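This report covers one helix and several strand pairings of a single model. Please keep the sequence and the 3D view open while reading.

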Amino acid sequence: MRTRWARSLMVGLFIGALGLPLSAEAVRIKDIGAIEGVRENQLIGYGLVVGLDRTGDQVIGGQFTIQAMMSMLNKMGINLVIDPIQLLTKNIASVMVTTKLPPFAKPGQALDVVVSSMANAKSLQGGTLLLTPLKAANQQVFAVAQGPVSVGGFLGGTGGPGGATVTKNHQAAGVVPAGAIIEKELVVNIDAWETVSVLLRQPDFTTAIRTAEAINGVFGKGSAAPVNAGLVKATIPSAFHGRVVEYIASIEGLDVSVDMAAKVVVNERTGTVVLGEHVRISTCAISHGNLTISVKNTLNVSQPNAPLIGAASNQPATVTEDVQTEVKEQESRLIVVDETVTLGEVVRALNAVGVTPRDLVSILSALRSAGALQANLEII
């Protein structure tokens, strides 16, 4: 079986060396799917950032920061007998610490953590994150974080009342590079697996069938089967028992011709339009024009009984408002668009109308309402 897989690999390399593409749409399985059970896990924790230059939490809105400070100091054996309000010196801030625990991570490895302000701190620049346990959804601690916070920007200004302030980038969040140390391993025993499941990121029945066929073409008929549009299950051959990592790597490197539904994605806020490859337009006639209404206000100032230049006038100035309204309608023509077969023809047909991207959003919506757009229209 392994010899057959190597032979198929050599044939693919030979075809590639000749400059003949295997498929214009062929992509690797690892680029369109993931292995079930091999994933990241979210970690979160609550911590304190100290050492700020009076840019931390304020008295109003930072009550939980005071409680966290008192709890921390009590655990260190410091019993306070002062008013808790006096503790908040604006040099400390409450933050949420987040990171992702990668699969197969071992204790002792370092992770980057993101530190985000919870209250009304102005900036975390120059601060240090104190020891913070990071927990998973099951409330178990998998890592601890501590270290200086790196903020990509600055907050500066001049002293005194009315001084100018200059801010660059977002200051209420930062990163502690390699600031978390993994304390507990999330065990994934893949050597005991008898099957491997491929989860497609974009579920599609055709793509699922082609993925199973690609696996069967290398490891034998019946070794893989599509369970549904988003899941393909493959049985590990006996030759790969104890070598599941090699089997998964072999599957991920196989090429699959991806199929997808015809879709047009429109962002009305930015005027962005993305058309999928299978988008088609039926024969129709399109006419589009813009109506622009502009109102211009002009203030005219006149000085009645004005004396000679340089002399003062006792009469008040008269201000009159001149309002001019102008309506312009862009001339448009009725354009017949023939039925399109390829995406390139769709683009040329829409460009023939001569509209802006934002106008294109209205045209696509009207085409779908008329039944001439042979695709799903998704507005985000």
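## Strands and one helix

Strand 6 and strand 7 make a hairpin, with five residues between them, and Gln-139 in the turn has a positive phi of about 65°. The model is predicted, so local features need pLDDT of at least 70 and side-chain atom pairs count only at pLDDT 80 or more, while totals for chains, interfaces and linings use all residues. Residues are numbered from 1 along each chain as its sequence is written, and side-chain values use heavy atoms, with hydrogens and water left out.

Strands (E, at least two residues) and helices (H or I, at least four) are DSSP runs, numbered from the N terminus. Two strands count as paired if DSSP finds at least two bridges between them. Three such pairings are listed here.

| Strands | Sense | Bridges | Facing residues |
|---|---|---|---|
| strand 6 (residues 128-135) and strand 7 (residues 141-148) | antiparallel | six | Thr-128 and Pro-148 |
| strand 7 and strand 10 (residues 173-182) | antiparallel | three | Ala-143 and Ile-182 |
| strand 15 (residues 263-267) and strand 23 | parallel | four | Val-266 and Ile-379 |

Strand 15 and strand 23 also belong to an open sheet of three strands, in the order 16-15-23, with mixed pairing. Strand 16 (272-275) and strand 23 (376-379) stand at its edges; each has a single partner strand, so one side of each is left without a neighbour in the sheet. From one strand to the next, the twist averages 15°, taken between N-to-C directions of axes that are lines fitted to C-alpha atoms, on a scale from 0 to 180 degrees.

Helix 3 (residues 63-75) has 13 residues, which at 1.5 Å a residue should span 18 Å; its end C-alpha atoms are 19 Å apart, which agrees. The expected span is 1.5 Å times one less than the number of residues. Thr-65, Ile-66, Ala-68, Met-69 and Leu-73 of helix 3 are buried, that is, under 20% relative accessible area, where over 50% is exposed and anything in between partly exposed (1.4 Å probe, protein chains only). These buried residues cover an arc of only 160° around the axis, which puts them on the same side of helix 3; the arc is that of the directions from the helix axis to the C-beta atoms. Gln-67 and Lys-75, on the other side of helix 3, are exposed.

What do the buried residues of helix 3 pack against? They pack against strand 3 (41-50) and strand 4 (92-101), where contact means heavy atoms within 4.5 Å. After helix 3 comes Gly-77, whose phi is positive, near 85°.
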